[in-house]
Amino acid sequence: MLRQNSESLIESQIKFINDRVKVTEKYASLLRTTVNDIAIREAELRDKYDEVSKICKDFAESEKLDTTLITALHALSNSFTMLADNKNLEAQRLVVHVESEFAQYATICKKIKEYLKDCGSTKDPVMALRQRRAGLEMTSNDSKLLKNSVDTKRILNELSDTFETFEQRKVQDFKSTFNNFLLILLKSNTSSLDPLTYSTRAISDVDENLDMKRLKEAYLKLNSDVVSNKIRHNRFRSRSMSALSSLFTKGGKKTMLSQSSTSINSNENLTANKDMRYQHGISDNEDDDDEDDDEDANKLNVKVYYESLCPDSARFINTQLTPVTLDLLQYVDLQMIPYGKSTYNTQGSDVNFNCHHGPNECYGNKIHACVVENVQSDSYRKESREQLVLTYVDCLMKFSRKDAVFPIERCANAIQYKNWENIEQCANSTVGSKLLQKFGDQTHDFQNPLSSVPTVVFKDQYTPELQKRSIDDFRSTLCEQLHKENIHAKECVAHGDAMKTKVSLVSVIVATVFAIFY
């Protein structure tokens, strides 16, 4: 009776444990499949975010007039890029830290069920012994079967240990996996908060009145250009007809053809001029010569690689780059790249920087990156975007301190830029980190590490000699490079004449002194 109860107990325990294992196996499989579906959808959403980012960037590059909208579109593009990065990282973490944890229970449950099956087969000798005792004669193997009956207790103990181990591990694993699941979702949503807040503020700063005024100005200028082109066309026809009429001159008198053609062209010129003056308020005495309309398109590309707390960078920007470039800005396409000799590494969506002059410089570099990327001009201002950015950077380099005090608001007020809070928020968020990472990639693509800071590059061509001359005398070097590109800057001519005058005066003084004493 005792043995019968033992065997029944073994069977009931095996069935109980087997049922528990099957339940765990079923729901672990369902969770694994569902989490995998979530990861796939997150990856698909990542691709859509990348697509939105590209559309916003292309829109911003195509939109030439609505300045505040352009700023917002760039902010949206950067934000959706970061959202896409977050979704990509979330999908990867879900697969590694959640799906794979649930997936392992398919193997664990399989091994437990195989073990239970083996335990079920071990009780067969006891059953055989009981059957023989019921009516069959004891055989020579009955003694062995009787001995095997003592294994019942061992089997029960093993089943109990297996059950406890399985249940304890299952609870711990599921607790840890669900915790990871929630942390992944929480971190993803938290990381998305910065770019969403940043782009929301950029959208709220869109000023439709400013953009409409700029659009109207461009529209009026278009009409002016059409009329001016008509005037130049008529002048050309007039000159051509005058030259043609000379061929028909006989004996100092012009034929009727030349007289009529000259009269027609004169009337056309007069009509076109009156049309333009009437539309734009131009007086009869004003000169409307637009032959130099395309001069601004011919510019020299200049890149400056620098660091926010580098004394040499500050000295060069304050004493040479800013005054010279502002004087020659119409001939220069200036690109400021704040990164220098810094390095960075990524951990998921986080970017960690190591900067030449310490952690405070990393923050300063982010501020500069946000200024270079976000400061825009508008139709009410005569300053260009490049002029505002350079003046802002010049102010930051002049008044920043190594204890991480960066005059963001003060320098914004100096150029009457009202959205200085956007710069501060950008620098304190993942947006600033991504922008600085972008400038870091540009710096590394050029030279890794930089041989000197600051580094000046003309048309992506670098030589140590040109670098030294740029740092020593940026104006002369820039004028020389402009001359090589056939860009004729009158400011450079004036500078050259002044230098020649100084040299001549020095020569006269030296000659006079020599004559007096020798």
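# Briefing: strands, helices and charged pairs in a predicted model

Lys303 has Gln335 in strand 2 as its bridge partner. The model is a predicted one, with an average pLDDT of 78 for the protein. The points below cover confidence, the sheet, a hairpin, salt bridges and two buried residues.

**Confidence**

- A pLDDT of at least 70 is reached by 72% of the residues.
- Among the elements of the protein, strand 5 has the highest mean pLDDT, 97, and helix 7 (residues 256-280) the lowest, 40.
- The pLDDT is below 50 over residues 246-296, yet this stretch has 44 contacts in the model beyond near neighbours in sequence.
- Residues 497-504 also have a pLDDT below 50, and this stretch has zero contacts beyond near neighbours in sequence.
- Predicted coordinates should not be read in detail where pLDDT is low.

**The three-stranded sheet**

- An open sheet is built from three strands in the order 2-1-5, with mixed pairing.
- Strand 2 (332-338) and strand 5 (455-458) are the edge strands; each has a single partner strand, so one side of each has no neighbour in the sheet.
- On average, neighbouring strands of this sheet are turned by 15 degrees against each other, direction ignored.
- Seven bridges join strand 1 (residues 300-306) to strand 2, and this pair is parallel.
- The pair of Lys303 and Gln335, with Gln335 in strand 2, is one of the bridge pairings.
- In general, strands of a sheet pair through backbone hydrogen bonds, either parallel or antiparallel.
- Helix 8 (residues 311-327) lies across strand 1, strand 2 and strand 5. The helix runs at about 160 degrees to strand 2.

**The hairpin of strands 3 and 4**

- Strand 3 (residues 343-347) and strand 4 (residues 350-354) run antiparallel and are joined by five bridges.
- Tyr344 is placed opposite Phe353, which belongs to strand 4.
- Two residues lie between the strands of this hairpin, in which Gly348 takes a positive phi near 70 degrees.

**Salt bridges**

- The whole structure holds 23 salt bridges. As a general matter, side chains of opposite charge can pair when their charged atoms come close.
- Glu51 and Lys48 form a salt bridge, with 3.8 Å between the closest N and O atoms. The two residues are three apart in helix 1 (residues 2-62), so about one helical turn separates them.
- Glu51 counts as partly exposed because its relative accessibility is 43%.
- Lys170 and Glu167 form another salt bridge, whose closest N and O atoms are 3.1 Å apart. These residues are three apart in helix 5 (residues 151-204) and are therefore separated by about one helical turn.
- Both Lys170 and Glu167 are buried.
- Asp394 forms a salt bridge with Lys398, and their closest N and O atoms lie 3.9 Å apart. The spacing here is four residues in helix 10 (residues 385-399), so Asp394 and Lys398 are also separated by about one helical turn.
- Asp394 is buried, since its relative accessible area is 10%, whereas Lys398 at 47% relative accessibility is partly exposed.
- Arg20, Glu167 and Lys170 belong to one network, joined by salt bridges that share partners.

**Gln320 in helix 8**

- Gln320 is located in helix 8, the helix that lies across strand 1, strand 2 and strand 5.
- With a relative accessible area of 16%, under the 20% limit, Gln320 counts as buried.
- A polar atom of the Gln320 side chain lies 2.4 Å from the backbone oxygen of Ile471.
- Leaving aside residues up to four places away in sequence, Gln320 touches Arg315, Thr325, Ser470, Ile471, Asp472, Asp473 and Phe474.

**Ile108 in helix 2**

- Ile108 is part of helix 2 (residues 67-122).
- The relative accessible area of Ile108 is 15%, so this residue counts as buried.
- Ile108 touches Phe166 and Arg169, leaving aside residues up to four places away in sequence.
- Ile108 and Glu25 are separated by 83 residues in sequence, while their C-alpha atoms are 8.6 Å apart in space.

How values were computed: Residues are numbered from 1 along each chain as its sequence is written. This is a predicted model: local features need pLDDT of at least 70, side-chain atom pairs count only at pLDDT 80 or more; totals for chains, interfaces and linings use all residues. Side-chain values use heavy atoms; hydrogens and water are left out. Two strands pair if DSSP finds at least two bridges between them. Axes are lines fitted to C-alpha atoms, for helices over the stretch in contact, and angles run from 0 to 180 degrees between N-to-C directions. Contact means heavy atoms within 4.5 Å. A salt bridge is a side-chain nitrogen of Lys or Arg within 4 Å of a carboxyl oxygen of Asp or Glu. Buried means under 20% relative accessible area, exposed over 50%, partly exposed in between (1.4 Å probe, protein chains only). pLDDT is the predictor's confidence in each residue, from 0 to 100. A polar contact is a pair of N or O atoms within 3.5 Å; within protein, one must be able to donate a hydrogen and the other to accept it, and residues adjacent in sequence count only if both atoms are side-chain atoms.
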